Amino acid sequence: LSRTPVREALGRLEQEGLVRRDGGWGYVVRTMSLKEAEDVYKVRRVLELEAALEAMPKITDEGLIQLNKLLERAHDHVARGRLKEFRELTKNFHQTIAITSGNFYLRSILITIEDQVKLVGTMIFERHSDRAKEVLKENRAILAALRKKDFEAVKAAVNNHLDRSWQSFTMFVASK
């Protein structure tokens, strides 16, 4: 690999706040403060809730089947201890909801914070392996609420998922 693509990749990671320059010659992975993690969760809550509420009236039977298949595959990966694949599928679950919303800008902003959400999630799963099973249950509740097209149930399910994620972060990561 030549230096140019490496330099460009590191520059992009720096712009996204995932690495920082260390002196004049290197980069290090940037740690996330408790305040930054809390800010990510606040933004994520607003965006994911809005995406689910906008997707609810637009979701088709095929879309519900697709979301269910993602969760079934995620369940299989949890059973095999393949958390990386599990996390990718749950990310796809939430991306599919955002795409279904039809709101291009909402989806674009969610993409922008995806790496920070992934970083926080990875820290949780490293210290609280049962969180994967909890996430599956929470995402199934979101799917059930979307299937019913129940505004209050969608709102409650998304908020519960994000509340539980934040609780896990503060209990298993921030307290360490």
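How many helices and strands are there in the protein chain?

## The overall fold

The protein chain has 7 helices and 2 strands, where helices are DSSP runs (H or I) of at least four residues and strands are runs (E) of at least two, numbered from the N terminus. Following the sequence, you meet them in the pattern α-β-β-α-α-α-α-α-α.

This is a predicted model, in which local features need pLDDT of at least 70 and side-chain atom pairs count only at pLDDT 80 or more, while totals for chains, interfaces and linings use all residues. Residues are numbered from 1 along each chain as its sequence is written, and side-chain values use heavy atoms, without hydrogens and water.

## Size and packing

The C-alpha trace spans about 55 × 35 × 30 Å along its principal axes. Its radius of gyration is 17 Å, which agrees with the value near 16 Å for a compact globule of 176 residues; the radius is taken over C-alpha atoms, and the globule rule is 2.2 Å times the number of residues to the power 0.38.

Of the 176 residues, 38% are buried, meaning under 20% relative accessible area with a 1.4 Å probe, protein chains only. Among contacts (heavy atoms within 4.5 Å) with a separation of 6 or more, 70% join residues 24 or more positions apart.

## A look at Thr 31

Now for a single residue: Thr 31 sits in the loop between strand S2 (26–29) and helix H2 (34–55). Thr 31 counts as exposed because its relative accessibility is 66%, and exposed means over 50%. Its C-alpha atom is separated by 30 Å from that of Phe 104, 73 residues apart along the chain.
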